Amino acid sequence: MPSITRRLSPYLLPFLLSTALLAIAWTGLSWQEAFRRQQARFAWEQEARAALARLRTTHTIEAQIDVMGAGLIARLERAMTAAKAGNPDRRLARAAPRAWHRSFPATHRPPGSQMYVFRLAPDGTAALVRGPGLASKGGRLLTDLFRAFTEASRQGAFPPAQAGRINRLTKGAFGSDAEAHLLAVHRRGRLTPIDAEGRRAFLFWDVITVQGQPVGGVFLIFPGAIEQQARPLEHCLEGVRRATRGRLLPVLLPVPQVGATSIPAAALRPSPSPRGGKGPDAREPANRRGQPAVGPRWARSAPRAEARQTVRFLQRIDRARPDLTAEKTWDLAGRWVMKGFFSYDEPYTAWVVSREGALVASARPRQLLLLALFGLGWGIAAIGVLFRSDHAVPLRVAFPVILFLLGALPVAGLLGLGWIHFDTGAERDIQRTGREAQNWIASLDSRSSQVLSALARASQAVVQRPDVLRWIYDPRPTALPPAARALLSALQREGLGSTTAFLFRPGEPGLVWPPTNVAGLSNRPQLDIFAPMIYLAHQSLQPIDHPLPPPLLERSQEWWLTVYAAMGASDSRNLFLDIEEAGEFGKAGREQAVFQISHQFTAGSSTRAYLMLQMPTEMAFRAFFFRHLAQAALDPARTCYLGRFRAGGCELVFPPPGSPIWSDPQARHLARLLHETAYTGTGRLVRQGDRLLVTGMCARFLPFVVGLQIRVDDILNRAWRNKAGLVGFSVVVLVLVTLLGRQVSQFLIDPLLAVERGLQRVTAGDLTVRVALPRADALGELTRAVDTMVEGLQERRNLGRFVPGSLERVLQEPGAGDLEEPRLVTGALLVSDIRGFTTLSEREQPEDVVRMLNAHFDEMGLAIEHQGGRIDQFIGDAIVAFFPGEAAGAARRALAAALTMRAAHQALQRQRRQQGLFLYEIGVGVAAGQFLVGVMRGRERAEFAVLGPGRHEAERLEGLSRTGSHTRVVVGEAVHQMLADAFVWAEIPGRQRAWEVVAVREGPA
């Protein structure tokens, strides 16, 4: 165990550092998941509030038909706009049935539903379009009614000459309770109950317009059974689920105060669709309209068990947490829940719920992948270490890795924190931009009151003009018409066209100018309404001492005076006084806005004239919105849109329909949001990539819908630039850490590695290596100390040429003990000598003799060392070499060295002969056995020597070698017996007991 601990200890620090990096990355992924959860929750809240608003506004059959009818008209308008040429009747006949089936599901097209399609010519004539799937029964009557309804919806009333006839036709077609003016002016694009052929039914009608011109229209007649067969609650829930693409599950729960007996259980869970048009299954009684709160379509799109589980969960929450705030997101048991008000007519509470896991991507898979990569990396490292022979990591690798990990820890923390900070900051800026856009739309709605103030100021400026005052104060009865004309001319110059003026003076009948409106209808009925108001106001304003007669009333106006008296005369009088000088906003006709303001003209203490102005404000409000939207559009990151509310959605005002801008997918999405905002009354804030889509209602006076498309790419690009800078900074830091690790490694590790390499070369026998570094530090001292050691070894090796080589072998033997004590060592001793050396040294030049000896000793020494021998001594011209080991093996190696020495000697002689140098001869004697090895010392000198009988035997045999005639390598009797079969021998003559080696015997020994 200690050895394993020591072996693994170098890897402990890198493992701990890499584990810390893993923990930082793990935490960063968790933070990123929390950030994405925050983003998803914000988007979910917006979508959930819109879903609750959709539930509130589209749960009735009337609202659903209005929305579907608006979609039908939009499809037909696109079909007529896209058609370049061809018969219009044929185009409508083909497009209408397709649009009818696509806009209205089968539940809202019960048997008996009829669709009448009409085409309008440019001259105003109407014709019934016939074709498959289109109704034609009673077509002539309905065609006349459609033409009349279309004109009345545009002008606000029927022509007086035709009003009676059209009213009779309407009662004949749609029942005695049907009012032509109500249907034509106020119920266009809205579902209205009627009687069709004596049965209860519903009518929806609208006009198809292309580029502002009516080109056709539809009459849709539904049977009264549509209320039961359409199942509006089910359709409403299914529509919300489909609009949110299944991200939100809508549920209706009974209001707790109502009690369980009044709301059946079928309202709480999915139920099967009724068969054959009958009511719900008797086992699951329906509510009072037969609508299950969670319909069968939803049950098919989601597992039934999951639907029931969700409903039961919401029931428990509804009972346990009655304090849950509406329109607020609650995180309960892994679900996001929001409840809200549903309807005053239905005893339900609306809920939307989503599983958090389905909306937020979990970081767990990436964390597990990170963990797997961590394990894989360390597994590969462990395998690499195990396959190394020394099971160790090189210091050159380990040190930079550890330093890199130490530097990577703060960098990873900085990178994770910075990345989340920039993402959070960008999201915060985007949300702030969205809230600012919503606040701007809300402020625009508030500032729309400026239109009324502007109209009031313009009216006051006009009535104070001298030319107008001159005509009004003119006492002549004939002065009123010129006064009215001057007044309207001045208003026209102020941009207030289409104004109607009502003038009254004491003792004179009232005057309305112009007598007819832009539609050609008489303004006399409005004069009859206003005259009694002025009459009552005049009586209350005149002084008691100098009263002026009131304006004269005609018979029809006296009837209204009776009505006002019944309603309360003072209240009727105040209708004029309350709008004096400031004006008020009102409605006249179908979604037609008017501005009314009254003025008094006094002289002294008496009022001499009364004026009431009534002017349409549609164009004034449009100009107001256009002006402010144009100012907002000066920001290149913003694109502004404007829509006008209509039944079932909104009418696109700016950019106008057909504009190329609507071909953009983002613009089309914003158009859908405008429609949704119009019929739900709730603004939307949606993020689409680098665009922010914001819508809101401006319905304080007129129901306009404002949309903004805001590019947030600057925010995203700034965040990406910051993150890129952060990544670049991290990379630079890591590169610097890596370079620093390399430099530190070179500074600290390279000297140690150089020492290691140098020692390895010294171990291999190379004593010329030097590792000294020119550094004035401890490592420099270390390298210089190593070089000093190597120099000492080199000197020792050089001294070995003069000191017996047996010392080195003895030192290498295990258990050498005390070198001072002689030891018996088994081996072989080789003695070689040059013949006639004394004569040569006397005859030749000393330098030539020295060169000859050096060359001779080099070659002989190589031959001896090659066979594992060690030169013990150079005695003059003689060589004494010792071969340690078992006697026979040592003798064999000694003889092999001797034969190699002979071959080298002969080669040297050939070279010397060629060079003209003197020649010489050598002899070799070899003996084997035990030798005494030890230190021989005197008083001042000691010498390590190999002694014993074997040495004397080798010297004797070397002397006998001069009598040899073959190799001059002579051995004694012991060696001859040990190696008799290995060589060819020649016995030395005489009784010398010596043999000369002739040659190496061929074949196995």
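Start with the whole chain in view: of the contacts with a separation of 6 or more, 64% join residues 24 or more positions apart. Keep in mind as you click around that this is a predicted model. Colour by secondary structure and you'll have 29 helices and 27 strands to look at. The chain has 1005 residues, and 46% of them count as buried. Switch on the surface: about 50,000 Å² is exposed, with carbon and sulfur atoms supplying 56% of that area.

**Stop 1: α4 and α5**

Select residues 139–155 for helix α4 and residues 160–174 for helix α5; these two pack at an angle of about 130 degrees, with axes 10 Å apart. The angle makes α4 oblique to α5. Their crossing is left-handed. Now show side chains. On the α4 side, the contact uses Leu141, Leu142, Asp144, Leu145, Ala148 and Phe149, and they meet Arg165, Ile166, Leu169, Thr170, Ala173 and Phe174 of α5. Colour this set by class and you get nine nonpolar residues, one polar and two charged.

**Stop 2: α14 and α20**

Next, pick residues 449–463 (helix α14) together with residues 618–632 (helix α20). Here the packing angle is about 120 degrees and the axes are 10 Å apart. That angle makes α14 oblique to α20. The crossing of α14 and α20 is right-handed. Zoom in on Gln450, Val451 and Leu452 of α14, which make the contact with Ala620, Phe621, Phe624 and His628 of α20. What classes of residue does the contact of α14 with α20 have? Five are nonpolar and two polar, with no charged residues.

**Stop 3: α15 and α16**

Move on to helix α15 (residues 466–473) and helix α16 (residues 480–493). Their axes are 8 Å apart, and the angle between them is about 160 degrees. An angle over 145 degrees counts as roughly antiparallel, and α15 and α16 are therefore roughly antiparallel to each other. This crossing is left-handed. For the side chains, select Val468, Trp471 and Ile472 on α15, plus Pro482, Ala483, Ala486 and Leu487 on α16; these residues make the contact. The contact of α15 with α16 has seven nonpolar residues, no polar ones and no charged ones.

**Stop 4: a serine in a strand**

Jump to Ser598, in strand β13 (residues 593–603). Is Ser598 buried or exposed? Buried: its relative accessible area is 0%. To find its company, show Phe576, Ile579, Glu580, Glu581, Leu611 and Met612, which Ser598 contacts once you leave aside neighbours within four places in sequence.

**Stop 5: backbone oddities**

Time to hide the side chains and look at the backbone. Most residues other than glycine have a negative phi, and most peptide bonds are trans. The next four picks go the other way.

- **Trp513 to Pro514.** This peptide bond is cis, with omega near 0 degrees. You'll find Pro514 in the loop between β11 (511–513) and α17 (524–541).
- **Phe654 to Pro655.** Here is another cis peptide bond, with omega near -10 degrees. Pro655 sits in the loop between β16 (649–654) and α21 (665–680).
- **Glu327.** Though not a glycine, Glu327 has a positive phi of about 60 degrees. Look for Glu327 in the loop between α10 (304–320) and β7 (330–332). Put the surface back on and Glu327 counts as partly exposed, at 26% relative accessibility.
- **Arg968.** What is phi of Arg968 near? It is near 60 degrees, a positive value in a residue other than glycine. Arg968 belongs to the loop between α28 (949–960) and β25 (969–972). With 21% relative accessibility, Arg968 counts as partly exposed; the buried class is for values under 20%.

**Stop 6: Ala974**

For the last selection, go to Ala974 in helix α29 (residues 973–978). Ala974 is partly exposed, its relative accessible area being 43%. Now add Ala887 and draw a distance between the two C-alpha atoms. How many residues apart in sequence are Ala974 and Ala887? They are 87 residues apart along the chain, while in space the C-alpha to C-alpha distance is 9.7 Å.

Note on methods
Residues are numbered from 1 along each chain as its sequence is written. This is a predicted model: local features need pLDDT of at least 70, side-chain atom pairs count only at pLDDT 80 or more; totals for chains, interfaces and linings use all residues. Side-chain values use heavy atoms; hydrogens and water are left out. Helices (H or I, at least four residues) and strands (E, at least two) are DSSP runs, numbered from the N terminus. Buried means under 20% relative accessible area, exposed over 50%, partly exposed in between (1.4 Å probe, protein chains only). Contact means heavy atoms within 4.5 Å. Accessible areas come from the Shrake-Rupley method with a 1.4 Å probe; for residues, only the protein chains shown count as cover. Axes are lines fitted to C-alpha atoms, for helices over the stretch in contact, and angles run from 0 to 180 degrees between N-to-C directions. Angles under 35 degrees count as roughly parallel, over 145 as roughly antiparallel, 65 to 115 as roughly perpendicular and the rest as oblique. A crossing is left-handed if the near helix is turned anticlockwise from the far one by less than a right angle, and right-handed if clockwise. Ala, Val, Leu, Ile, Met, Phe, Trp, Tyr, Cys and Pro count as nonpolar, Asp, Glu, Lys and Arg as charged, and the others, Gly among them, as polar.
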